[in-house]
Amino acid sequence: MSASTISVDEFQALEQKVLRAVEREARATAETEVASLREQLAAQQSATESELNTLNKERDAVRLRVEKMLQQMDELL
């Protein structure tokens with residue numbers, strides 16, 4: 001066997017190392033993407049909650065105005 005050839009076992013071991021390295025890289029990329037998506041989701045949830053609070057306040061204000069108008073109509077009748 002010359003120095004430039006490798007055995008089947010050595011080749012398979014090298015192949016396994018390469019596959020593990022690729023899998024680690026893919027996992028790291030996926031974890032980074034998951035973290036980014038979680039941050040985006042948290043920001044979107046915060047914005048949605050803020051918008052919901054604003055809409056609830058507007059609804060309450062409209063409800064009070066309608067109640068006042070109804071009360072005034074009752075006083076007129």
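Q: What is the relative accessible area of Arg-63?
A: This is a predicted model, where local features need pLDDT of at least 70, side-chain atom pairs count only at pLDDT 80 or more, and totals for chains, interfaces and linings use all residues. Residues are numbered from 1 along each chain as its sequence is written, and side-chain values use heavy atoms, with hydrogens and water left out. Buried means under 20% relative accessible area, exposed over 50%, and partly exposed in between (1.4 Å probe, protein chains only). Arg-63 counts as partly exposed, with a value of 43%.

Q: Which residue meets Arg-63 in a salt bridge at 3.6 Å, N to O?
A: A salt bridge is a side-chain nitrogen of Lys or Arg within 4 Å of a carboxyl oxygen of Asp or Glu. Helices (H or I, at least four residues) are DSSP runs, numbered from the N terminus. The partner sits three residues from Arg-63 in helix α1, so about one helical turn separates the two. Joined to Arg-63 at 3.6 Å is Asp-60.

Q: Which residues are linked with Asp-60 in a network of salt bridges?
A: Side chains of opposite charge can pair when their charged atoms come close. Asp-60 is partly exposed at 33%. Asp-60 bridges to Arg-59, with the closest N and O atoms 3.4 Å apart, and also to Arg-63. The network therefore links Asp-60 with Arg-59 and Arg-63.

Q: How many salt bridges are there?
A: Two belong to Asp-60, with Arg-59 and with Arg-63. Another joins Arg-27, exposed at 58%, to Glu-31, partly exposed at 48%. By this rule the count is three.

Q: How far apart are the closest N and O atoms of Arg-27 and Glu-31?
A: Arg-27 and Glu-31 stand four residues apart in helix α1, so about one helical turn lies between them. In their salt bridge, the closest N and O atoms are separated by 3.4 Å.

Q: How far does the backbone nitrogen of Ser-7 lie from a polar atom of the Glu-10 side chain?
A: Glu-10 lies in helix α1. Glu-10 is partly exposed at 45%. Its side chain has a polar atom whose distance from the backbone nitrogen of Ser-7 is 2.9 Å.

Q: What separates the C-alpha atoms of Glu-10 and Leu-37?
A: Glu-10 belongs to helix α1, a helix covering residues 8–76. Glu-10 and Leu-37 are 27 residues apart along the chain. Their C-alpha atoms are separated by 41 Å.

Notes
Polar contact = N/O pair within 3.5 Å; in protein donor to acceptor, adjacent residues only side chain to side chain.
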